[in-house]
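Trainee: Could we go through this one together? I'd like to know how each label gets earned.

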Amino acid sequence: MSANIAVMASGRGSNLQVLLDSISSGNCPACVKLVISDKENAPALDIANREGVEKSLFVNPKSYCNREEFDMACANFIEESQCEWIILAGYMRILSSKFVQRFHGKILNIHPSLLPSFIGATAIQDALTYGVKVSGCTVHLVDDVLDGGPILAQAVVPVYDDDCVESLHARIQIEEHRLYPEVVTRILKQGFSLCGRRVVWHP
Ligand code: GRF
């Protein structure tokens with residue numbers, strides 16, 4: 001049986017695309033029922049339409065009094081679509097605690113650094129400025145701490161002397177596109193338990 005998934009995305013949507021590809025190739029036992037974006041012109045919404053996702057929605061943050069109300073509206077859409085998992089794919093808003101509590105342990109994010117280093121929206125620039133020689137990406141569960149939930153998987157890429165944000169991001173994205181669908185698939189096929197902060201994959 002396949003699991004219903006909601007994807008939240010603000011931008012390009014390449015991680016949404018690879019997830020949809022992995023599902024349609026029969027690898028990932030999931031169905032993306034809903035794509036939500038906080039940006040009207042997000043290419044991620046075009047991808048959702050083109051790929052025949054059942055429901056794709058622009059939810060306008062300006063239509064709500066505050067972040068919590070916006071998040072609750074999104075949460076209601078997600079529940080209406082009977083989605084069990086929420087995949088953040090370049091979603092550029094911080095989720096309110098109420099949202100995180102409502103879907104506790106069921107929200108995944110991908111971040112373009114080796115957490116816990118370089119949290120936040122400027123992770124790639126921050127890694128370059130710091131001068132690290134390797135960086136990468138992290139798939140993690142979302143909790144109340146920004147980019148701070150338990151780590152599901154990480155991938156490492158080298159940082160070269162002549163890298164700029166774009167070149168390093170491109171190298172990181174190659175790994176993201178492999179790792180994110182792989183982790184979603186593993187969660188659905190294998191499952192995991194939490195031992196404190198540690199994710200222990202079921203045998
Ligand atoms: C990715 O690099 C991800 O790590 C970060 O936002 C970017 C989204 O890329 N959270 P895309 O929109 O999936 O192409």
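Mentor: Sure, we'll take the labels one at a time; keep in mind that this is a predicted model.

Trainee: Let's start with strand 4. How do you know that both of its faces are covered?

Mentor: Look at the side chains on each side. Trp85 and Ile87 sit on one side, Ile86 and Leu88 on the other, and all of them are buried.

Trainee: And what makes strand 4 and strand 1 a pair?

Mentor: Pairing takes at least two bridges. Strand 1, residues 3-8, and strand 4 have 4 bridges, in the parallel sense, so they pass the cut-off of at least two. One place to look is Ala6, whose bridge partner in strand 4 is Ile86.

Trainee: What about strand 4 and strand 5, how many bridges are there?

Mentor: There are 3 bridges, and again the sense is parallel. Leu88 stands opposite Asn109 of strand 5 there. Strand 4, helix 4 (residues 97-102) and strand 5 also make up a β-α-β unit, and that unit is right-handed.

Trainee: On to His111 in strand 5. Why is His111 called buried?

Mentor: Its relative accessible area is 3%, and buried means under 20%, so His111 qualifies. Beyond its sequence neighbours up to four places away, His111 touches a set of residues including Phe118, Cys137, His140, Asp147 and Glu176.

Trainee: Which residues surround the ligand?

Mentor: His111 is one of them, and the others include Arg12, Asn15, Gly90, His169, Gln173 and Glu176.

Trainee: What makes the Glu176 approach to the ligand a polar contact?

Mentor: A polar side-chain atom of Glu176 lies 2.4 Å from a ligand oxygen, and the limit for N or O atoms is within 3.5 Å. Gln173 also makes it, with a side-chain N or O atom 3.1 Å from an oxygen atom of the ligand. For Pro112, a backbone N or O atom lies 3.5 Å from a ligand oxygen. As for cover, the ligand has 370 Å² of accessible area on its own, and the protein covers 89% of that.

Trainee: Now the backbone. What is notable about the phi of Gln82 and of Asp147?

Mentor: Phi is near 55° for Gln82 and near 50° for Asp147, both positive values in residues other than glycine. Most residues other than glycine have a negative phi.

Trainee: Are these two buried or exposed?

Mentor: Gln82, in the loop between helix 3 and strand 4, has 61% relative accessibility. Exposed means over 50%, so Gln82 counts as exposed. Asp147 lies in the loop between strand 6 and strand 7; at 12% it is under the 20% limit, so it counts as buried.

Trainee: Where is the cis peptide bond?

Mentor: That bond joins Leu115 and Pro116, with omega about 15°. Pro116 is in the loop between strand 5 and helix 5.

Trainee: Last one: why is Leu19 called buried?

Mentor: Leu19, in helix 1, has 4% relative accessibility, so it counts as buried. Leaving aside neighbours within four places in sequence, its contacts are Val7, Cys28, Val32, Ile87, Pro181 and Val184. Also, the C-alpha atoms of Leu19 and Tyr180 are separated by 7.4 Å, though these residues are 161 residues apart along the chain.

Note on methods:
Residues are numbered from 1 along each chain as its sequence is written. This is a predicted model: local features need pLDDT of at least 70, side-chain atom pairs count only at pLDDT 80 or more; totals for chains, interfaces and linings use all residues. Side-chain values use heavy atoms; hydrogens and water are left out. Buried means under 20% relative accessible area, exposed over 50%, partly exposed in between (1.4 Å probe, protein chains only). Helices (H or I, at least four residues) and strands (E, at least two) are DSSP runs, numbered from the N terminus. A crossover is right-handed if, with the strands pointing away from the viewer, the path from the first strand over the helix to the second runs clockwise. A residue is near a molecule or strand if one of its heavy atoms lies within 4 Å of it. A polar contact is a pair of N or O atoms within 3.5 Å; within protein, one must be able to donate a hydrogen and the other to accept it, and residues adjacent in sequence count only if both atoms are side-chain atoms. Accessible areas come from the Shrake-Rupley method with a 1.4 Å probe; for residues, only the protein chains shown count as cover. Contact means heavy atoms within 4.5 Å.
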